[in-house]
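I opened a fresh page for this one and kept my notes brief. Here is what I looked up, entry by entry.

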Amino acid sequence: MVLSHVVDWILKLVRGKMLVVKWANRMAVSLAFEVAVDRTEGVGGYTDACL
């Protein structure tokens, strides 16, 4: 009985960690995308200024 409780608790922990990792990955991807967009816009503005 106690063992099943421990296993259930570990599974919940792992599931929670997976959710956190998934959320962190999503945040990192969106952040990287924003930075990339800013960079390309900056490069575009820079080339336009040069032309």
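I first fixed my terms: buried means under 20% relative accessible area, exposed over 50%, and partly exposed in between (1.4 Å probe, protein chains only). By that scale I put Asp8 down as partly exposed, because its relative accessible area is 39%.

I noted that this is a predicted model, where local features need pLDDT of at least 70, side-chain atom pairs count only at pLDDT 80 or more, and totals for chains, interfaces and linings use all residues. Residues are numbered from 1 along each chain as its sequence is written, and side-chain values use heavy atoms, with hydrogens and water left out.

Next I checked the fold: I found 1 helix and 0 strands (DSSP runs, H or I of at least four residues for helices, E of at least two for strands, numbered from the N terminus). Of the 51 residues, 0% count as buried.

Then I looked for salt bridges (a side-chain nitrogen of Lys or Arg within 4 Å of a carboxyl oxygen of Asp or Glu) and found 1. Asp8 pairs with Lys12, the closest N and O atoms being 3.7 Å apart. Both lie in helix H1, 4 residues apart, about one turn of the helix. Lys12 counts as exposed, because its relative accessibility is 53%.

Last, I looked at Val14, which sits in helix H1 (residues 2-50). I logged Val14 as partly exposed, because its relative accessible area is 45%.
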